[in-house]
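This report describes one protein chain, with its sheet taken up at the start and its cysteines at the end. Please keep the sequence and the structure at hand while reading.

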Amino acid sequence: MVLGNALRSRRNSLGLKQEEVARYLEGSPSKVSRIENGQHQFKECDLRRLFTIYEVDDPLEQAQLRELAEEANREPWWQPWSSVTQKHLQAVVSFESMAQRIKVFEPLQLPGLLQTEAYAHAVIQGGSGDARQHRALAAFRMERQLRFRQAPADKKLICIIDEGSLRRRYGTPEIMREQVRHLIDLATSPRYQIRIAEQDRYNLPVFINSTTIWDFSTRILPTIAYAETFEGGLIFQDEEQVDERIKKFDALRNQSLSPARSVQRLRDLLKSNCYR
C-alpha cells in the first residue's frame, strides 16, 4: 500500500495517466491500478521500468523503493494469525513493524503494546469469538510486544493514556494492580514515553478518540494516521488529514501530565482504593 502510494504520487507529479504507464510496462491499466493499490506483487523488471518512467535516478531512492518492494512481497510475520485477525489489524501491525516512532491515544482501554497478558485476555474476552480465538489473539498481542522490544533502540512509543481507562476495571483487582505496576516498569525505559490525560481536567482535548500515528525513518514513507472504530478502523494517508491528527495529538500530549508526574499518578492509583 505504501509503495503503491509512493509510485502513484510520482506518476501524478509527472502528469502521467495510468494508461500511459501501462503502455511503458507492456501491461494493462488495471495492472497499474493494482500496483498502486498494493494488490500486486512487485517484480524487479517492473521496478526498473518504473524507475525509468518516473525518472527515479537517485540510487538511494531506488534502494529504498526496492527495500519496500521486498517487504511487500515477503510473507508477513503475522501470517499464522491471519485467520483470527481482521484486515485493518493486519495493516496496523504492518505499519507498526515498519515505523520508527509510534504515537497512540486510547480513551477506553490501554494500548495493546502496553498490556500485560492477563489484562489482554480480560479485554479480548469481552469481544466476539470463542475461547480458542481469544487465546490466539492474546498470543498475537504478546508477539507484537516482543517484536517491539526487540526492534532497534531508536524505535519509540509515545503513549497518552486516558485516566478513565486506568480506573475502568478489566478482570480482577489483582490484574489491574499488576497492569499498573507493569506501566511503571515500562516508564523507566527510554523506548516508552507514557503520559496520562487527567480524568478530572477541564476541557482536555480528548475528542480525537482512538488514534495511532506512525512516523517512518525512510524519507519516501509519509506519516500515516489510524483511527479505531467500533466496526474496524480507518487509515489516513492524505497529508491534510494526517496533519490535523498530528496537531490534535500534540495538543493533547502537551496538556497531559508529564512522564514523571504520570508515573507518580500510577503509584497513587496503586495506593488508593481504586483496585480493591
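In what order do the 6 strands of the open sheet lie? The order is β3-β2-β1-β4-β5-β6, and the pairing is mixed. At the edges stand β3 (192-197) and β6 (233-236), each of which pairs on one side only. From one strand to the next, the twist averages 15°. Axes here are lines fitted to C-alpha atoms, for helices over the stretch in contact, and angles run from 0 to 180 degrees between N-to-C directions.

This is a predicted model, in which local features need pLDDT of at least 70 and side-chain atom pairs count only at pLDDT 80 or more, while totals for chains, interfaces and linings use all residues. Residues are numbered from 1 along each chain as its sequence is written, and side-chain values use heavy atoms, with hydrogens and water left out.

**Strand pairing**

Helices (H or I, at least four residues) and strands (E, at least two) are DSSP runs, numbered from the N terminus. Two strands count as paired if DSSP finds at least two bridges between them.

At the β3 edge, strand β2 (residues 156-162) and β3 pair in the parallel sense over 6 bridges. Of the 6 residues of β3, 5 are buried, so this strand is largely enclosed by the rest of the structure. Buried means under 20% relative accessible area, exposed over 50%, and partly exposed in between (1.4 Å probe, protein chains only).

Towards the β6 edge, β4 and β5 run antiparallel and are joined by 4 bridges. Strand β5 (residues 224-228) also pairs with β6 in the antiparallel sense, over 4 bridges. β5 is mostly covered, with 4 of its 5 residues buried. In a regular strand the side chains alternate between the two faces of the sheet.

The table gives some residues that face each other across neighbouring strands.

| Residue | Partner | Strand of partner |
|---|---|---|
| isoleucine 160 | arginine 195 | β3 |
| isoleucine 213 | alanine 225 | β5 |
| tyrosine 226 | isoleucine 235 | β6 |
| glutamate 228 | glycine 233 | β6 |

**Aromatic contacts**

How many aromatic pairs does the structure hold? There are 8. Rings of Phe, Tyr and Trp (its six-membered ring) pair if their centres lie within 6.5 Å; planes under 30 degrees apart count as stacked, over 60 as edge-to-face and the rest as tilted.

One of these pairs joins tryptophan 77 and phenylalanine 140, stacked at 5.6 Å centre to centre with 25° between the planes. Tryptophan 77 lies in the loop between α5 (59-73) and α6 (87-98), and phenylalanine 140 lies in helix α8 (residues 131-149), so the pair ties together parts that are 63 residues apart in sequence. Tryptophan 77 is buried at 18% relative accessibility, and phenylalanine 140 is buried at 2%.

A tilted pair is formed by phenylalanine 95 and tryptophan 214, at 5.2 Å centre to centre and 40° between the planes. Here helix α6, which holds phenylalanine 95, is linked to strand β4 (residues 211-215), which holds tryptophan 214; the two residues are 119 apart. Phenylalanine 95 is buried, with a relative accessible area of 3%, and tryptophan 214 is buried at 0%. Phe95, Trp214, Phe216 and Tyr226 form one aromatic cluster.

A ring also takes part in a contact with a charge: arginine 191 lies over the face of phenylalanine 148, at 5.5 Å from the ring centre. Such a contact needs NZ of Lys or CZ of Arg within 6 Å of the ring centre and within 35 degrees of the ring normal.

**The annotated segment**

UniProt, in an unreviewed entry, lists residues 7-62 as "domain: HTH cro/C1-type". UniProt positions are given in the numbering used here, feature names are shortened, and annotations may be inferred rather than shown by experiment. Over residues 7-62 the chain is 66% helix and 0% strand, and the end C-alpha atoms are 12 Å apart.

**Cysteines**

Cysteine 45 lies in helix α4 (residues 44-53) and is partly exposed, at 34% relative accessibility. Its C-alpha atom is separated by 9.1 Å from that of leucine 25, 20 residues away along the chain.

Why is the sulfur of cysteine 159 not bonded to that of cysteine 274? The sulfur of cysteine 274 is the closest cysteine sulfur to that of cysteine 159, but at 18 Å it is too far for a bond. Cysteine 159 is buried, with a relative accessible area of 1%. The structure holds 0 disulfides, a disulfide being a pair of cysteine sulfur atoms within 2.5 Å.
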